[in-house]
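Open the structure in your viewer and keep the selection panel within reach. We will go from stop to stop, and at each one you will hear what to select and what is there.

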Amino acid sequence: MAHATGERTKRTEGAGFIRLPASSGRSAAWPPLLLGGLVLLAATVVLATSIGPIAIGPGETVRIILSHLQAPGIDIDAGSAHDRIIWDVRLPRVLTAVVVGAALSLAGASYQAVFRNPLADPFLLGVAAGAALGATIVIVSPLPLDYYRFGYVALFAFMGAMAAVFLTYQLARVGWTVPTTAHVLAGVAVSAAAAAATSFLMMMHEDRLFVIFSWLYGDFTSASWSKLTSALPYVAISSLSLLLLGRQLNVLQLSEDEAKTLGVRVELVKAFVVLMASLATAVCVAITGLIGFVGLIVPHICRLMLGADYRHILPMTIVVGSTLLVLADLGARTLLQPQEIPVGIITAAIGAPFFLLLLRRQQRSISQ
Amino acid sequence: MISPRPGNANSPWLLAFLGAALLGLLVAACGGDSNSSGGASGQPSATFPMSVTDTGGKAVTFSMAPTRIISYSPGATEILFAIGAGGQVVATDSFSDYPAAAKALPKLEYLRPAPEPALALRPDLVIMAGAQEGDVEQFRAAGLTVFLLREPEDIAGVIEDVRLLGRLTGKAEGAEAVAKDMEKRVTAVQQKANGAGKGPLVFFELSPDGFSVSPNSFVGSMLKLVKAGNVADGAASAFPQLSAEVIIEADPEVILLSDAGEWGGQSLETVKARPGWSDIKAVKSGRVIEIDPNVFTRPGPRVIEALELLLKSLYPNL
């Protein structure tokens, strides 16, 4: 692996990419870091569930959750407003933020690995634009807006996202190989085409603009158990698949010829990773709309913590990404109460300065 | 806010207008309704030429009553037809769908309208709403007479608009009748609401993801008028998105759905199926009421119907 990271540094410097910290010496620290992160995540989830516009103490919060988990000896006022707020509204919302934060971050790291591009994010291949088009079609149609279930809006957003990824892949494919640059460019083209179609629908249905924009901003207000459980199997399958591919992603950081000599079936791995990362992203976008920056910055945070080894980075993105998004959503529902702030505004407000910081570090390391 | 104010003191038209207004006041003193709050808008009669200051502060001059009007404001369109100036309208924006005669007129873009299709219709007056404020200058540069009529903040503002549009279209009498009727009905609603004691708590839903109207929006002002409580009270913006938990905890007695039917498919059933909503008072008692957003949110004469409907659904025992 030392050989691999050495090669990586050389190549990325040549390409002008952000230099990834060498992994030697840091990788030993990753199990305690991951464990600490998990503990922090659990604490964040409990904290975020007990904080909201309506004041409900942490003790009552925990009792309500335990009673629904059939813990013995817990007696609560079942069906009370607090019970409904914690169990029906807040907990599914916080857990949705956990799942979406984890999936977007993991997908972002995977895309960055496959495309060997630190600016890659989960929306690189047209997922966002495809989902937006799908959702917009439903919003301007007479179909009901069943935001609280995995209904037409979510279904069409999901299909739009997957269709865009498929189209991007087909456009860039040469036989059974997909040149990376062509793949990214095809993603740009498909995104532009889908965005144009969305804009046209908006123009033809000006009276629905408000609803379309509120979907595009992305939020967790309509999170529900039913939506979460509809999305969970897809996220679980794709995330587990990606987590098992850390070694292959490391090897992909070499030149593709070298990767082949090391026994990695490059095209197959790339296609599979793209499919799984897109699946995770598409499901998230379908249930919460577009939430930017998380999938871009969390992989970089993890790289700064752990080095360049994807076997360590991938599990860490899950922990860091979900913690970050739970906190961002907590801000979204409490900073301007009783009013909501779209969570995308918060992730961008955190993400943009962080990203600038990252760029400055890179510039300094190049000038040295 | 929409009462016409005297603009440039050196405008000869203004002097002529003031003179005419004074004369009108003397001649028709008996017709005036004295409770008009701002400026000369209460005057039922006026003569041309006249100069009227629009809501952008620009003095717009009319040598005679306009006969080829384009209305880019659905609210203004409804007013024009209600006061008998419908025959002077030649085209409207795409949202102006009431009354039927207005719906049948040629349609123009509501957002970012281009001057050329408007020019082709040779209008002598173009009425623009807040949505087209950025296009006013371009239309004026193209030689069109543009009157900017920003959406009023409450029903009193709509009534002022009625009188204003009456004066500048030469239909002051028809406008006065409409305005008087609206004022009478507002007063009647207010009296009934005042006599009914404490009003119910209301959640007015714009979209299923929790967008609502705060007291400083147009619909919010109507809720205040009928003494209803508003779940979105205290929100920072006019159309805030509320967390579901805030709505559940507030436990409104009435939910008004402006996203029902063709507007978003919401109904008592879909609201009941939302997580945590089934035990809200309004849902349990079935007081989830589907309303037509055009009647409620469009600043035209039909807001009175909205207000009366509001009174009836909030106080069923009256």
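Start in chain A by selecting A:Cys302. Its sulfur is 16 Å from the closest cysteine sulfur, in A:Cys284, which is too far for a bond; a disulfide would need the two sulfur atoms within 2.5 Å. Keep in mind that this is a predicted model. Is A:Cys302 buried or exposed? A:Cys302 is buried, with a relative accessible area of 0%. Now add A:Cys284, which is also buried, at 2% relative accessibility. Across all chains, the structure holds zero disulfides. A:Cys284 is accordingly in no disulfide.

**Along chain A**

Next, select helix α12 of chain A, residues 266-288, and pick out A:Leu275 within that helix. A:Leu275 is partly exposed, with a relative accessible area of 44%. If you like distance monitors, draw one from the C-alpha atom of A:Leu275 to that of A:Ile341: the two are separated by 32 Å and lie 66 residues apart along the chain.

Move on to the loop between α12 and α13 (294-306) of chain A, where you will find A:Phe293. Its phi is near 75 degrees, a positive value in a residue other than glycine. A:Phe293 is partly exposed, at 29% relative accessible area.

The last stop in this chain is A:Pro338, in the loop between α14 (310-334) and α15 (343-367). Show the backbone here: the peptide bond from A:Gln337 to A:Pro338 is cis, with omega near 10 degrees.

**Crossing to chain B**

Display both chains and select the contact residues. How many residues of chain B are in contact with chain A? There are 34, and they meet 31 residues of chain A. About 2,900 Å² is buried between the two chains, and carbon and sulfur atoms give 59% of that area. On the chain B side, highlight B:Gln241, B:Glu245 and B:Pro275: these lose the most area to chain A, together 23% of what that side buries.

Stay with B:Glu245 and add A:Arg90. The two form a salt bridge, with the closest N and O atoms 2.6 Å apart. Between chain B and chain A the count is two salt bridges, along with 15 residue pairs in polar contact, both residues being at pLDDT 80 or more. To see which elements take part, select β8 (201-207) and α9 (244-250) of chain B, each of which supplies at least two residues of the side that touches chain A. The largest share of that side comes from α9(B), with five residues. Colour the chain B side by residue class and you get 17 nonpolar, 10 polar and seven charged residues.

**An enclosed helix**

Hide chain A and select α2 of chain B, residues 74-82. Why is this helix largely enclosed by the rest of the structure? Eight of its nine residues are buried, so the helix is largely enclosed. Among the buried ones are B:Thr77, B:Glu78, B:Ile79 and B:Phe81. To see what surrounds them, add β3 (69-71), β4, α3, β6 and α6 (155-169) of chain B, against which the buried residues of α2(B) pack. After the helix comes B:Gly84, with a positive phi near 90 degrees.

**Loops of chain B**

Select B:Pro99, in the loop between β4 (89-93) and α3 (100-103) of chain B. Here the peptide bond from B:Tyr98 to B:Pro99 is cis, with omega near -10 degrees.

Then go to B:Arg122, in the loop between α4 (115-120) and β6 of chain B. B:Arg122 has a positive phi of about 45 degrees although it is not a glycine. Turn on the surface and you will see that B:Arg122 is exposed, with a relative accessible area of 60%.

Finish at B:Asp135, in the loop between β6 (125-128) and α5 (136-141) of chain B. B:Asp135 counts as buried, at 3% relative accessibility. Show its neighbours: leaving out residues up to four places away in sequence, B:Asp135 touches B:Arg112, B:Pro113 and B:Met128. With B:Arg112 there is also a polar contact of 3.4 Å between the side chains.

How values were computed: Residues numbered from 1 in each chain as written. Chains lettered and ligands numbered in written order. Predicted model: local features only at pLDDT ≥ 70, side-chain atom pairs only at ≥ 80, totals over all residues. Heavy atoms only, no water. Buried < 20%, exposed > 50% of the residue type's maximum accessible area, 1.4 Å probe, protein only. Helix = DSSP H or I, 4+ residues; strand = E, 2+ residues; numbered from the N terminus. Polar contact = N/O pair within 3.5 Å; in protein donor to acceptor, adjacent residues only side chain to side chain. Contact = heavy atoms within 4.5 Å. Buried area = accessible area lost by both parts, 1.4 Å probe. Salt bridge = Lys/Arg side-chain N within 4 Å of Asp/Glu carboxyl O. Nonpolar A, V, L, I, M, F, W, Y, C, P; charged D, E, K, R; others polar.
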